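Colleague: Could you take me through the surroundings of the ligand in close detail, with the cut-offs spelled out as you go?

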Amino acid sequence: MCVRPVRADDADDLQDGFALLSELSRYRRFHTGTPALSDRVARYLAEIDHVDHQALVATPVGSPAIVGVVRFIRLRVRPDEAELSITVADDWQRAGLGTCLLHLLIERARAVGVRRFTLEMLADNEGILALVRAAGGVVQPTDSTIASGHIDLDATQGTSG
Ligand SMILES: CC(C)(COP(=O)(O)OP(=O)(O)OC[C@H]1O[C@@H](n2cnc3c(N)ncnc32)[C@H](O)[C@@H]1OP(=O)(O)O)[C@@H](O)C(=O)NCCC(=O)NCCS
């Protein structure tokens, strides 16, 4: 597997990767029934500054297909915090890729002064709940369907390699 920062010319591959996600994975990532990534959103997700908005993508060796994306977007009002999102293609889930991507992003975030990741997730999304907790994060229910969580980056270990 190769992991690299997203590039401005990845918009089409991000759309293709999104199209291959199951309906459940799309819903868990975006909390809506969005059937496709629009051109505008795909460009927004690809054309980033890599300081206030960073994303790493995973591609199988020898393939341009994007099978994992982890991203942070810094909060304007609290610049040492950033919103985290992560998606692994269904066929690649539960193989450690999400954990690997998260730890690599944590290193990038620390390097630009981000000290906390925050995120909202569906309260029954066992995968992200486990991922956040394994990274030393905390999750609390917001209501019966949504939970909010955070990971303090100062408290997490370095990359798992
Ligand atoms: C959440 C997600 C990113 C996890 O990625 P992944 O590559 O499957 O995660 P990993 O294989 O590294 O697993 C991390 C931990 O979560 C657990 N886990 C993963 N999927 C799980 C599931 N469906 N149910 C229960 N536990 C699960 C693993 O067992 C592992 O726990 P461990 O460290 O105790 O062994 C992936 O399931 C996904 O993309 N889901 C759809 C989109 C989404 O929900 N995004 C999060 C909202 S921002």
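Modeller: Happily; here is the ligand site, followed by a short look at the chain around it. This is a predicted model, in which local features need pLDDT of at least 70, side-chain atom pairs count only at pLDDT 80 or more, and totals for chains, interfaces and linings use all residues. Residues are numbered from 1 along each chain as its sequence is written, and side-chain values use heavy atoms, with hydrogens and water left out.

The ligand is surrounded by 19 residues, the closest being Ile86, Val88, Arg94, Thr99 and Asn125 (a residue is near if one of its heavy atoms lies within 4 Å). By type, this shell holds 7 nonpolar, 9 polar and 3 charged residues; Ala, Val, Leu, Ile, Met, Phe, Trp, Tyr, Cys and Pro count as nonpolar, Asp, Glu, Lys and Arg as charged, and the others, Gly among them, as polar.

Three backbones reach oxygen atoms of the ligand through polar contacts (pairs of N or O atoms within 3.5 Å). For arginine 94, a backbone N or O atom is 2.7 Å from a ligand oxygen; for alanine 95 the distance is 3.2 Å, and for glycine 96 it is 2.8 Å. The ligand alone exposes 920 Å², of which the protein buries 77% (Shrake-Rupley areas, 1.4 Å probe).

Elements giving two or more residues to the shell are α2 (23–30), β4 (81–88), α4 (97–111) and α5 (126–134), and α5 provides the largest share, 5 residues. Helices here are DSSP runs of H or I with at least four residues, and strands are E runs of at least two, numbered from the N terminus.

Stepping back, the protein chain has 5 helices and 7 strands, running β-α-α-α-β-β-β-α-β-α-β-β from the N terminus. Its C-alpha trace spans about 35 × 35 × 30 Å along the principal axes.

Definitions and conventions. A polar contact is a pair of N or O atoms within 3.5 Å; within protein, one must be able to donate a hydrogen and the other to accept it, and residues adjacent in sequence count only if both atoms are side-chain atoms.
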